[in-house]
Amino acid sequence: MSLPVRVSEHPLNRHIYVVELEDGSSKLATLNMVPGKRVYGEKLYNIAGNEYREWVPYRSKLAAAILRGIRSVPLREGDKVLYLGAAAGTTVSHVSDVVGKSGRVYGVEFAPRVMRDFLLVVRDRSNVLPIFADARKPWEYAHLLELVDVLYVDVAQPEQASLTADNAHHFLKPGGKLFFAIKARSIDVTQEPTEVYKREIDTLKRGGFEIIDVVHLEPYDKDHAMVLAEYRG
Ligand SMILES: C[S@@+](CC[C@H](N)C(=O)[O-])C[C@H]1O[C@@H](n2cnc3c(N)ncnc32)[C@H](O)[C@@H]1O
C-alpha cells in the first residue's frame, strides 16, 4: 500500500481532506471520529497524529459529487443533518466526521436488515441518531427531531422528490441546503434530461427549493446525478 505523505483541507470545505500518497495519487478523506474503526473497508491513513478515513467515491455519491466538482459542500462543524435513506451508514459516517461531535446526523432507514448493519456502524458515533422509520411519514419521527441545517436524500424511490418536500416542510430551516441524489442515466444531465428527472426537479422547485447545482456522478456512479439546492420555505 502506498503511504500517505501529506494532508490538506479541501478547497470547498475545511473539514474534508485531501490525502496525498507517495505514489503521487490523492484520496478524499475525513478525520476519523472513531480512530481505528473502519465502516466499509475503507483505508485508514495516519498523518501527524491524526487518523483519516478514505472517502471512496465509488461507494458514496457525496464523495463522487465532490470529486466531480459540485459548486459547494455546505456542511459545517456543528450542523444538524437529516439523512433519508441511511442504508448501512457509508455516507452517514463521513457526514458524521464532517459535522463533528457538536453536530448531529439523524439517519432514517426503513429496511430492517439494512438497519441492523447501520446500528452496528453508528454504535460508536455519538453524533448519529439512527431512526427506523419510513421517510414518507415524517410525522412519525417528528418527536425525535429538531430543525436541521441540511437535508440529504438518497432513498432511490420514485416518490423521492415529494417526500423531500414533505420532510423539508417539517424539519429544514429556511435557507437550509439539500443534497438530492437523482436518477439520471444520460451523460450530460443538463442536455438530455429524462422525463423522470424533469419531474423530480419540478417537484423540488414547487416544494420551495432553488436549484444551485447539478453534477453527474460518472465515472463513479453511472446512474445518478447530485442536486444541490437551497430551501426558500
Ligand atoms: C441507495 S441506498 C442509500 C445509500 C446511502 N445514501 C449511502 O450513500 O451510503 C437507499 C436506501 O434508502 C432506503 N429507503 C428507501 N425508501 C425508504 C423510505 N421510504 N424510508 C426510509 N428509507 C428508505 C433503502 O432501504 C436503502 O437502504
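**Thr90, its helix and the neighbouring elements**

Modeller: Thr90 touches Val39, Tyr40 and Arg59, leaving aside residues up to four places away in sequence. The model is a predicted one.

Biologist: Why does Thr90 count as buried?

Modeller: The relative accessibility of Thr90 is 14%. Buried means under 20%, and Thr90 therefore counts as buried. Thr90 lies in helix α2, residues 90-99.

Biologist: What makes α2 largely enclosed by the rest of the structure?

Modeller: Of the 10 residues of α2, 10 are buried, so the helix is largely enclosed by the rest of the structure. Among them are Thr91, His94 and Asp97, as well as Val92, Val95, Val98 and Val99.

Biologist: Which residue follows α2, and what is the sign of its phi?

Modeller: Gly100 follows α2, with a positive phi near 70°. As for distance along this stretch, the C-alpha atoms of Thr90 and Lys101 are separated by 18 Å, the two residues being 11 apart along the chain.

Biologist: Turning to the sheet, what is the order of its strands?

Modeller: The sheet is open and has 5 strands in the order β1-β2-β3-β5-β4, with antiparallel pairing.

Biologist: Why are β1 and β4 said to stand at the edges?

Modeller: β1 (4-10) and β4 (44-47) each have a single partner strand, so one side of each is left without a neighbour in the sheet. Direction ignored, neighbouring strands of this sheet are turned by 40° against each other on average.

Biologist: How do you know that β4 and β5 pair?

Modeller: Pairing requires at least two bridges between the strands. There are 4 bridges between β4 and β5 (residues 50-54), and the two strands run antiparallel. The pairing therefore meets the criterion. Leu44 stands opposite Arg53 in β5.

Biologist: Why is α4 called roughly parallel to α5?

Modeller: The axes of α4 (residues 160-171) and α5 (residues 195-206) cross at roughly 15° and come within 8 Å. Angles under 35 degrees count as roughly parallel, and α4 is therefore roughly parallel to α5. The crossing in which α4 passes α5 is right-handed.

Biologist: Which residues make the contact, and how many are nonpolar, polar and charged?

Modeller: From α4 come Gln160, Ala161, Ser162 and Thr164, and from α5 come Glu200, Thr203 and Leu204. By class, the contact of α4 with α5 has 2 nonpolar, 4 polar and 1 charged residues.

Key: Residues are numbered from 1 along each chain as its sequence is written. This is a predicted model: local features need pLDDT of at least 70, side-chain atom pairs count only at pLDDT 80 or more; totals for chains, interfaces and linings use all residues. Side-chain values use heavy atoms; hydrogens and water are left out. Axes are lines fitted to C-alpha atoms, for helices over the stretch in contact, and angles run from 0 to 180 degrees between N-to-C directions. Angles under 35 degrees count as roughly parallel, over 145 as roughly antiparallel, 65 to 115 as roughly perpendicular and the rest as oblique. A crossing is left-handed if the near helix is turned anticlockwise from the far one by less than a right angle, and right-handed if clockwise. Contact means heavy atoms within 4.5 Å. Ala, Val, Leu, Ile, Met, Phe, Trp, Tyr, Cys and Pro count as nonpolar, Asp, Glu, Lys and Arg as charged, and the others, Gly among them, as polar. Buried means under 20% relative accessible area, exposed over 50%, partly exposed in between (1.4 Å probe, protein chains only).
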